[in-house]
Each structure stands twice: as C-alpha cells, then as structure tokens.
Amino acid sequence: MTRMMCSGPSQMTQPKKEYQLPSIANMHNDKPWTENSFFVEASSTSAASPQETNGFDVMTLDMTDLVRKIQELSHLGIEDNKIDLPKICVVGDQSTGKSSLIEGISEIQVPRSAGTCTRCPMEINLSESKPGEAWKCVIYLSRRYLYDPGKHMRAVPRKAQTLGPWVPIGGRDEEVFVTLTDKSNVKDAIKWAQIAILNPSSDSQIYVPGKNQGTDESTTVKFSPNVVRLDISAPGFPVLSFYDLPGVISQPEHDDEKYLVSLVENLVKYYVSQENCIVLLTLTMTDDATNSSAARLIRDIKSAKERTLGVLTKPDRISRMESFDQWKEILAGRKFKLGHGYFVVRNNQDPSVDHAKARLEEEAFFSDPFWVGLHSQYQDRFGVRRLQTALSAILMDQIRKCLPSLIAKINEKASTIDNELKTLPDPPTENYQRILTEKVVTLGMKFRRVFDGGSGHGASSNMLQKYWNRLAMDFQKALAITKPTLITVTASDVEIKPEKMDADCDMIVVPSPARLKRKAPGSDARSPDVQNPVNLQPVNDHSYSTKDVFDKWTAPSRKFSLQEIRDIKEESHWAGIPNQIDPSAIETLNRESVKHWDSLANAFAVATCNLVLRVLGMNLDEEIAQYRQTGLYRELRRVINEFLNQLRTEFLDDSMAHYQIEQQRPFTMAQLLHKESQKNALRALIVGRNRSRARTYLRGAGFDVDDESNIANVIKSLGPDGYSQEIEMMASSRAYYEIASSRFLDVICQSAYAKVFSKCRDELIDVINDQLNANSVDRCMELMAEDPERQRRRITLLGERAKLSKAQEWMDSIRCNDDYEDTEMSEITVGDSFSPLTEWIDESI
C-alpha cells in the first residue's frame, strides 16, 4: 500500500483545460469484445500521444504549492492529532506489481527482494531542488511504535492490540540515517535502513552504509509498522509523496507467523478507512480478480469502494489464447465496480531499464494491434502516464473538497489545546516568595468571606451559609419527625364495654371486613445506629447537596405502649399514697425520648464539616487553579484537611457533651411553656385514646368502625380510662421533648459556629502560614515546583500547539478564486480565533 500526494499553487486557479476522466457510462460495452474500437489509429491520436505529455508536468500543473502544503503538514506530524490529510494509497496483494507501479510513477527504484521490502513501510517524498543544487536523498528512520516483546502474539490480535507487540508512542521519533548524493546508492541504502528498522533493539548506526562492514543482515522481527522515509530533491522533480506498505498476504511463510496476516490487514484498514484517502488497488491480470485479499478488504470498509481506482498490472504476462471476458467486464464496470474505474499499465520488471525507456516500451505494447483493435474504447485508461494524469485530477478534486473541513479541524484542535494550556502555565522563574505570599494572603481573604458572607448573589463565598442553613433546617425536621409517639390501643380494650347504650340507638350493624392482625410494634424499637466518623476527603465538584443527610430518620424513634409507660411508673413508685405519679418516672420517660439524639447530632456535625471542606476546597481551586500540580497546592490541601479533621473532633466532642447533659438530667425553666404544651398534648392524646377505644368496641360488636357517628356515640358512653395517668405522663414527656429539642438544636448550631466557623475564619490562615513555613527562598521554590507529569504534559501540548500554529500559518496562505464557489473558502480563515504561539507564551496568566 502506498500513499501518493501531488502539489498545487498557493493561488488556486482552475486549469483552462481540465482533464476529464472517461466516464464508465459512456463506454459502449454492449458490443462484442472483438468489435470494440478503443484506440483510434495512431495517426489520429498523435496529438494525445503519451510521448508528447510528461507525466510529471501534468501532475504538477497548477497544483505545486497547494499539494506542497499538504505534504508539509504530513511531515509536520499533523496527522498525529487525528487530522486525516488527503492521500493516495496503493493497496494490493503481494506480487501484484505494486513496486513496479510505484517505480513507474515516481521514477525511483526500490528493493524488490523478499524479506525487508515486504515487512517495513516506506515513505518517499519527492520535491524540486533549489536552483543550482544537484540530486540529493536524505533517508530517515521514522519510529512511531515501540516494540514490546513481552506482549503475547495472537493469530488474531485483539481490538485493543491491532498491531500485536507494537505499541504507539504518541507522535514520532525521526532519526537521520544517511544522506546520499549518488542515485546508484539509493537501493542499497534503503535495504540497510529497513534492516535497521527490523532490529528495534540495536543501534541503527551499525547498519549505515560505509559503517556496516561485517554487520549481519538478519533481523529480530519479521514486521515493523515503523517507517523508512526518503526525502529526495532534484531539478525538475514534482512534489509527490508515496507511502508504500506491505502487500496484503493470505498465508504466512511459517505457522508461527500467522499474526502477520492480521497485522498487515489492520494497517491497510487504518489507511483505507480514512475518508480523505483515495485508494489505488492493484490487481494482476495473471490471476483471477476474485482471489484478491486487498479487494476483499476494500469491499468490507464503508465507502472505500467509492474512493478506489483499480490498476490492472502485468498485461504482458497473459497469453493471447486466454479469455479476456473477465477483464472486459471489469473495465466496463459490470464486475467489481469501483468509484473511479480501472486503468491498465505495463511496467518492465528489469530494474536496469530506465524510466523513459520503460514508458516507450509501454507505449509500444499498447500500440500493438491486439490491444488497439480489441480495446480501443479504453485508450484513455492504458499506460502509466494516463494514470498519472487521472490521479492528479482525482487528488486535486479531493484536496479542494476537504480543505474547509481540514482547516476547521486544525482550528478546533488548536482551541482545545489552548484551553488546556491555560490550566498549565509555566511555573514562576523568579520572585517565588512574593508570589507565594500573595497567593496565601488572597486565599485568607477568600476564606474570611466564606464565613462572613455578603459577597453578592451566586458568589462561592455565599455557598456555605446557604447550604448550611438548609442542613440546619433538615436537622430541625429530623428532631420533629423522630419525636416518640404513643400506641393508644391495648390488649384489654377488647373487653371494654360502654356503660350503657340507649334502646333507641340508631347505630347500624354492618359486616366488618376481615382484617389481618397487625403485630403491635415492640417496645425495643431502636434509634438508627450512630454514624461512624467519616474521613474528610477533597471534593473537586461543586455539589453541596445535604438533603440526604437525614434520610434514614423518617419515623418516630420510639413508639411507647401504654403498658410500657405503666411499667415505668410502677418501677419508679414507692409505697405510700396511691394514684400518685413519681417525677422520676417522667424523667425516665424523657430520657428514653431523647435517646436517639446522639446519632442526629453526629450526622449534623459530620455533614457540617464536610460542607465546610467542600466550600473551602472550591475556593482553594479557584485561587490556586494554575498551581494545582505543585507542592503548594498539595500542602494547602493537606493543612486544610488536617485542620478540619481537628475541628470535627472538637465539634463532635462538644455535641456529645450536650447530648449527655440532655440524657442524664432532663431540665427546663420554661414552666409556662411546658404547661401550655402539656395541656395541648394531653387533649390530643385523650382524643386519640378515646377514638381507639371506641373503634375497638365497634369492631368487636360488628359495627362500621369508620362511621364517625358510631364513633361519637360510643365515645359518649365510654367509662373512665384505666390508663389516664399513663396518658398524662406521655403528655408531659411530649411537652418536654418540644422544649428540649428546640434547645438542643440551638446549642448544636451554636457549637458549629464556635467550634468550626469561627476557628476557620480566625485561625485557619495562621495555621496555613505556620505549616507552610515559607520563610526561605529554597522552601518557596520547593512549594512552587510542579509535578513532573504536569511538566511533561505542558511540553507535549506546546509541541502540538507549535505544529498547529505552523499549520494555521501555511493554510492561511491558501485562497481559492471565485471559480471554486462550492468550497466557500473565502469564508474560512485559519487562526482567526487563535493568537500566534509566540504571542500566547508571552501572555501573563
């Protein structure tokens, strides 16, 4: 497979007489093969005779500057940025005449022996030398892959390892192998350059011609995707590029080399699948076209057939007694149809025959009556020079079509790199201490604003108060939701009867629907487990959501039964005056009611500290964004984490101290408030208790338990409640819970201010200064030193940006005249949005 590119002018002017490819549709293929008159008589075709047209002249007509730009972009490595350039790639099976075709087009001889030439890609770049300069060839070793012998070679490589043991290095490493001034030495130099490529672990200098006496020609690998590149300049040379890859193989020489079949196919697929690639498919006329593995690959790749031009080779090897029916069908486009049709070429296999003589021989071959009379209608598709002309037109058209998208992709890639470079500025080279001090002072001011607030709507400094207030409200709701409740039904209620029922009672007996018995909640209901302290970790996103902190507390923490309360009363009562409630019994009930507050307080304290850490981390990232990979950033993050961990411990200890006070000795001086709350709670509990008693009776008697009139009538007839004292105890406890929970909420929130917010505001920056200890230049340099990986990334990006800047500069020089309205090039300007690289580096960030 070969990539070939031609060149064009900086001011693109349409040729006055543009070459038109013969249309397959216009070929009169319905006539018998023997009746086709493809060629007219020589006397009538002399004006278009190949002798009068130099292939190089046609290929470079009005294209030199334009295609030179494309070639320069390729040498610059622009395709390393995943930007596909227009190219012509020659694809074919082994021994289909690919090498001869390349030599015929480029007038260069390449090695043809088995081994090196089929195992290593070769790039050939032709250009016109400067006035007065002679022929010269510079051979490079272009390494784009690293050989890893440890990778297992599979007969069918995995998708992630399409080239088996060869791993992309990202970019390219090019080494000058040898410079030649004698054309006769090229063939031998290419052979040794390929041997050097096929010995990846050896020093390439031992293979340089003139220094390689006694060097073994053996190789350690059978295939390498790395490239031997030839830059050849000579007077009158065109601007052309050839990329010759190994021919597609169907069978390896040895069983342990089966993986080579897939590797070569994968490499061919990589190039052929590119939308800007024009494919040149070589098919030998000595074999059936259905046997071509390369043709099969092209058919399997989307849109590849439409971009392919077929070349039939070795027509001189066919006996005239053989049938030409297959080739007639192919040339007519009725079999194996390709987007650009087919050409037929004849090359001399003897490398000692020069190019001019080979072309004369080819002309004489196709002037034979066998070809003139048999295939005259295809005369414009016979010969290397006509193929050169067709390739020139096809490539020029492809370049014109893809220029707008090519420029857009270059600009887009440059913009992406510019944005990333803004986050990776160069570290300061002087005044380390001043820069560090300024950053710390500014950071301290930002931290104070976080806890003072009032910097404006949407400011990061307001985030803490906003989300912490929401957290405190959720804490308040959790205290209310988890308030203990009373089960107002007892097992003995089923035996309770109303004291009397009027004979004229209008209650109606209705069937009561069957109900599943529900097990009464046990008295051992436990509050949620106390959360373990959470390690504070840096959070890089700006999510401050605290709504899920109290999600696990969605129901009362305790459901007391009347019998439980009676047990508490009896256990606290001393013999003496009957029907008295011991205050210690209510204290016990109060302590049981607030038993779950430790877990609530713990969750609130941890969430508060995590929220503070996230807000401080966001402010730190804003202020030290360009130094995130330095020791300064890592030290600041460490100090803040350790400081918040310490404050969290203090906050949790203080919260637990307040909890112990509430647990050990219930107390309140709000006597009037407690009395009023108790009265309201008692009223509600009595109503609920009476309704439960009434519904229990109605259910047992078979009445409708949901009929409110029934319930009201039963309530009127209910006798004294045997659990009236227990109801009063629960009312007193609930009143106390309301007062104590409000007090507990206030105290814990005050502790957050005293133990966390105030200390962060007033002490954090001093702790940072002490911990950084940036009192010497050496210490400041240590803190400002960046991470090596960051440095490597910036260097890589700067290199890529330099390439793109050069590419933008080159593409800016391209202008299309009004004849090419479909390209709309006048509306496209390269680099309008991007300042030159040198200006970008000089900007202060």
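# Exercises on burial, pairing and packing

In this model, Leu126 stands opposite Ile232 in strand E7. The model is a predicted one, and the exercises below concern this predicted structure.

**Exercise 1. The setting of Leu126**

Task: Identify how strands E4 and E7 pair, and state how many residues of E4 are buried.

Solution:
- Step 1. Locate the strands: E4 comprises residues 122-128, and E7 comprises residues 227-234.
- Step 2. Examine the pairing. E4 and E7 run in the parallel sense, linked by seven bridges. Across this pairing, Leu126 faces Ile232.
- Step 3. Assess the cover. Five of the seven residues of E4 are buried, and the strand is therefore described as mostly covered.

**Exercise 2. Two polar residues in helices**

Task: For Gln398 and Glu265, decide whether each is buried or exposed, and find the polar partner of each side chain.

Solution:
- Step 1. Place the residues. Gln398 belongs to helix H11, residues 384-422, and Glu265 to helix H6, residues 259-272.
- Step 2. Apply the cut-off for burial, which is under 20% relative accessible area. Gln398 has a relative accessibility of 15% and therefore counts as buried. Glu265, at 13%, is buried because its value also falls under the cut-off.
- Step 3. Find the polar partners. The side chain of Gln398 is joined to that of Asn276 by a polar contact of 3.2 Å. The side chain of Glu265 makes a polar contact of 2.9 Å with the side chain of Arg296.
- Step 4. Complete the surroundings, setting aside residues up to four places away in sequence. Gln398 touches Pro86, Glu275, Asn276 and Ile278; Glu265 is in contact with Val248, Arg296 and Leu297.

**Exercise 3. A buried residue in a loop**

Task: Describe the environment of Asp493 and give its C-alpha distance to Ser692.

Solution:
- Step 1. Asp493 lies in the loop between strand E12 (485-487) and strand E13 (559-561).
- Step 2. Its relative accessible area is 2%, so Asp493 is buried.
- Step 3. Beyond its neighbours within four places in sequence, Asp493 contacts Thr488, Arg689, Arg693 and Thr696.
- Step 4. Asp493 and Ser692 are 199 residues apart in sequence, while their C-alpha atoms are 8.7 Å apart.

**Exercise 4. The two sides of helix H21**

Task: Determine which residues of H21 (777-784) are buried, and against which helices they pack.

Solution:
- Step 1. The buried residues include Arg779, Cys780, Leu783 and Met784.
- Step 2. These residues lie on the same side of H21, because they cover an arc of only 130 degrees around the axis.
- Step 3. Asp778 and Glu782, on the other side of H21, are exposed.
- Step 4. The buried residues of H21 pack against helix H12 (432-452), helix H17 (631-664) and helix H20 (724-772).

**Exercise 5. The crossing of H3 and H11**

Task: Classify the packing of helix H3 (residues 98-106) and H11 as roughly parallel or roughly perpendicular.

Solution:
- Step 1. The helices pack at an angle of about 80 degrees, and their axes are 10 Å apart.
- Step 2. Angles of 65 to 115 degrees count as roughly perpendicular; H3 and H11 are therefore roughly perpendicular to each other.
- Step 3. Leu101, Gly104 and Ile105 of H3 make the contact with Val384, Leu387, Gln388 and Leu391 of H11.

**Exercise 6. The protein overall**

Task: State what percentage of the residues is buried, and how many helices and strands the protein has.

Solution:
- Step 1. There are 23 helices and 14 strands.
- Step 2. Of the 845 residues in the protein, 50% are buried.
- Step 3. Among contacts with a separation of 6 or more, 85% involve residues 24 or more positions apart.

Note on methods: Residues are numbered from 1 along each chain as its sequence is written. This is a predicted model: local features need pLDDT of at least 70, side-chain atom pairs count only at pLDDT 80 or more; totals for chains, interfaces and linings use all residues. Side-chain values use heavy atoms; hydrogens and water are left out. Buried means under 20% relative accessible area, exposed over 50%, partly exposed in between (1.4 Å probe, protein chains only). Helices (H or I, at least four residues) and strands (E, at least two) are DSSP runs, numbered from the N terminus. Two strands pair if DSSP finds at least two bridges between them. A polar contact is a pair of N or O atoms within 3.5 Å; within protein, one must be able to donate a hydrogen and the other to accept it, and residues adjacent in sequence count only if both atoms are side-chain atoms. Contact means heavy atoms within 4.5 Å. The arc is that of the directions from the helix axis to the C-beta atoms. Axes are lines fitted to C-alpha atoms, for helices over the stretch in contact, and angles run from 0 to 180 degrees between N-to-C directions. Angles under 35 degrees count as roughly parallel, over 145 as roughly antiparallel, 65 to 115 as roughly perpendicular and the rest as oblique.
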